[in-house]
Amino acid sequence: MSDIAIRCVGLSKRYRIGQTEGYRTLRDVISETAAAPFRWLRKTSSSNGNVNPAVESITPAVNSIWALNDVSFEINRGDVVGIIGRNGAGKSTLLKVLSRITKPTRGYADINGRVGSLLEVGTGFHPELTGRENIYLNGAILGIRKAEIERKFDEIVAFAEVEQFIDTPVKRYSSGMYVRLAFAVAAHMETEILLVDEVLAVGDAQFQKKCFSKMSQIRNQGKTIVLVSHNMAAVRSICNQGLHLQHGRAVLQADVNQVIDAYLARTEEAEGPMEVETENFVVNEVLIESSSSPILKTFAPCEIRVRFQPKIDVGDPGVYIGFLTNELHRLAGLDLKDFTSLPPLRAGQSAEIGFSVESLPFLAGSYQVEVHLKDMSRPLIERVPRYYRFDVAETPVYGGRHLGSWFGNVGLTATPIARLG
Amino acid sequence: MASIVEQAQPLDLSHDSEATRVFRIEPTKGWTAVGLRELWQYRELLYFLTWRDIKVRYKQTALGAAWAIIQPFFMMVVFSLFFGRLARVPSDGIPYPVFSFCALLPWQLFAHALTESSNSLVGNQNLITKVYFPRLVIPMAAVLGGLIDFLIAFAILLLLMLYYGIVPGWAIVTLPGFLLLAIGTALGVGLWLSALNVQYRDVRYTINFLVQFWLFATPVAYPSSLIPEKWRALYGLNPMAGVVEGFRWALLGKSEPPGMMLWVSVAVVVLLLLGGLYYFRRMEQEFADVV
């Protein structure tokens, strides 16, 4: 046991779906309690006769989902484990159970060592308090002793680069400063096991680099880290182990590259093979990436390129790229012919064409890309028969708070106007 | 030097008492222990949350901490005018302003603590869903946050006593006991209501009503000597009755010491607190999922 930091055995967590939608009021309980005898009567009377389906459907069935379902794994001391999986696979629930925020429904987990968890940057920050005060408060919330904070205070402030504003209420901070300070406090936790949810996707590129090097530093101190991220590049560079969750089950735990490759292969299985053919084109790959950062961020530049080979000679090659929501509502589209015209391509010649986007307008979330390949000289338009998924990470827009569905999918560059009479 | 110490520490830790450091996370059913030891480990968090509540309370107010004085003071003025002057409510031979102010202090502490603690879990749901710590810390901090206000207003009471020439006797040494009783009552009820509030938001609307009702059931504006002797012990079922009469006895000295009534109050508080603690601990496991 001494080399094992975390051991989960049959860990399961059930959520009732109905309950997550708001809370029950006393009225609900009273009416349910009052209805109970009638339900019982109905049940006993229907047990000797036929069940009346109309009556039965009145009583709502308690729907539940297993966010974690019989998850078992071991994590050795000093391992850095990346948990990957699609949204709703149970990654965050697993971290919540391991950090004792919520209890498992079944199974157990043995934790060997002090646990620090960072599920959200800046939990408990109070806008009215100054940076200095928030460091102590946030430290206490994260379980860092006052003496420890005092010892590391200067280091934290320097890391966050907020020296000048340390006695200013954080409500006057820019979102970048806020996030930097919050991460700085959390990064100085002295625990043997660190649980980190998707929090590395905050701040600008430079600060992200700093976060990554801090994580590497923590790793090099021999601490155990469990990291949830959608950012495969980050997981590959920080982690040595990977754990793939799917629908609440642990699918694979192995070397990080192996797990990521298997995960990506599986994702393709679900979404279709990477290489697809149309009548006259072979599409090898559609790449959407940022040149400056490992993840896609709102209002940051990115590139989208289609790598393909025509099966025939193409006189006037072209491409249309459509950006869609997950529900396949079209958000934007780009057609190369509106920008430039390209020289002809021979059959079998490989080409990579696409666009460099100056500022990606989409808010955090996952999106789909649709591709049409063309030969305008014939004319010929062929739709590639699959969608390509990409994710925009949670990035600070409009001051940095989490944006709900009211804000749609597209970010606007805006400044407030107030003309007060 | 510092960096060497820091690097050495985790290594040291990893070698001491291997077996006892393994913590098992598993489902718990039904009643669990109160976990006082863990609460003690998180005493710094209790301190900082209390400190936050105090610090934030009067931010961006023009009068600031003066509110701690204004509220009970004006209630005292209103009480003195309507109950003391017009209704001629007896005050056990004590000048009515001191009589009511002395009762208003623990009352305000209690009412504030009760309201704040009942809403505390819902108000701190961002903490509950993102970080682990013993949840008891939250309502406790909410209760303790009112102590500063109490101390400020207490200074005014001393001035008032000076003005009326009232000198407390030896009984003043029992005052911390009565203060503890007031805090215990607020925490006991606050634990129940805060845990209930997580499940049923109805509680939020009940609290104002409850506090008002409780004020009339407590001898703040009138002396408990108005209650017939034989009902006095029963009256103690309201622990705040014991607290308020205890305050008057300890500070003003002129009322008779609260006898049987006080012991009934103490018993009720102990029951409320123990029941509240266990109920809270039982519901605690679902807080993060339900809140």
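1. In this predicted model, A:Val410 is partly exposed, at a relative accessible area of 33%. The residue sits in the segment that follows β18 (388-392) of chain A. Together with A:Tyr398, A:Trp406, A:Phe407 and A:Leu412, A:Val410 makes up a nonpolar surface patch whose joint accessible area is about 580 Å². Since patch members must have over 30% relative accessible area, the 33% of A:Val410 satisfies that cut-off.

2. Salt bridges number 28 over all chains of the structure. One of them pairs A:Arg100 with B:Glu38, with 3.3 Å between the closest N and O atoms. A:Arg100 belongs to the loop between α4 (91-98) and β4 (106-112) of chain A, and B:Glu38 to helix α2 of chain B, so this pair joins two chains. On the chain A side, A:Arg100 is partly exposed, with a relative accessible area of 28%; B:Glu38, by contrast, is buried at 17%.

3. A:Arg100 also bears on the second largest pocket, being among the residues that lie nearest its centre, alongside A:Arg114, A:Val115, B:Gln41 and B:Tyr42. This pocket has a volume of about 1,400 Å³ and a lining of 41 residues. By class, the lining comprises 18 nonpolar, 10 polar and 13 charged residues.

4. Both chains contribute elements to that lining. At least two residues each are supplied by β5 (115-118), α5 (131-141) and α6 (146-160) of chain A, and by α1 (2-15), β1 (22-25), α2 (36-41) and α3 (43-57) of chain B. The largest share, four residues, is that of α2(B).

5. Within chain A, A:Arg378 and A:Asp375 form a salt bridge in which the closest N and O atoms are 2.9 Å apart. Their burial deserves a remark: A:Asp375 counts as buried, at 0% relative accessibility, whereas A:Arg378 is partly exposed, with a relative accessible area of 46%.

6. A further salt bridge links the side chains of A:Asp391 and A:Arg389, at 2.9 Å from N to O. A:Asp391 counts as partly exposed, its relative accessibility being 28%. Elsewhere, salt bridges with shared partners connect A:Glu285, A:Glu289, A:Glu303, A:Arg305, A:Arg307 and A:Glu352 in one network.

7. A last point concerns A:Glu128, which is located in the loop between β5 and α5 of chain A. Is this residue buried or exposed? A:Glu128 counts as buried because its relative accessibility is 19%, and the cut-off for burial is under 20%. Its C-alpha atom is separated by 26 Å from that of A:Asp197, which lies 69 residues away along the chain.

Terms used: Residues are numbered from 1 along each chain as its sequence is written. Chains are lettered from A and ligands numbered from 1 in the order in which they are written. This is a predicted model: local features need pLDDT of at least 70, side-chain atom pairs count only at pLDDT 80 or more; totals for chains, interfaces and linings use all residues. Side-chain values use heavy atoms; hydrogens and water are left out. Patches are made of residues with over 30% relative accessible area and no salt bridge: like charges are joined within 9 Å, nonpolar side chains (Val, Leu, Ile, Met, Phe, Trp, Tyr) within 5 Å. Accessible areas come from the Shrake-Rupley method with a 1.4 Å probe; for residues, only the protein chains shown count as cover. A salt bridge is a side-chain nitrogen of Lys or Arg within 4 Å of a carboxyl oxygen of Asp or Glu. Buried means under 20% relative accessible area, exposed over 50%, partly exposed in between (1.4 Å probe, protein chains only). On a 1 Å grid over the protein atoms alone, a cavity is a set of points where a 1.4 Å probe fits but cannot get out, and a pocket is an open set with protein on both sides within 12 Å along at least five of seven lines; lining residues have an atom within 4 Å of a point. Grid points are joined across faces, edges and corners, and a volume is the space filled by probe spheres set on the points. Ala, Val, Leu, Ile, Met, Phe, Trp, Tyr, Cys and Pro count as nonpolar, Asp, Glu, Lys and Arg as charged, and the others, Gly among them, as polar.
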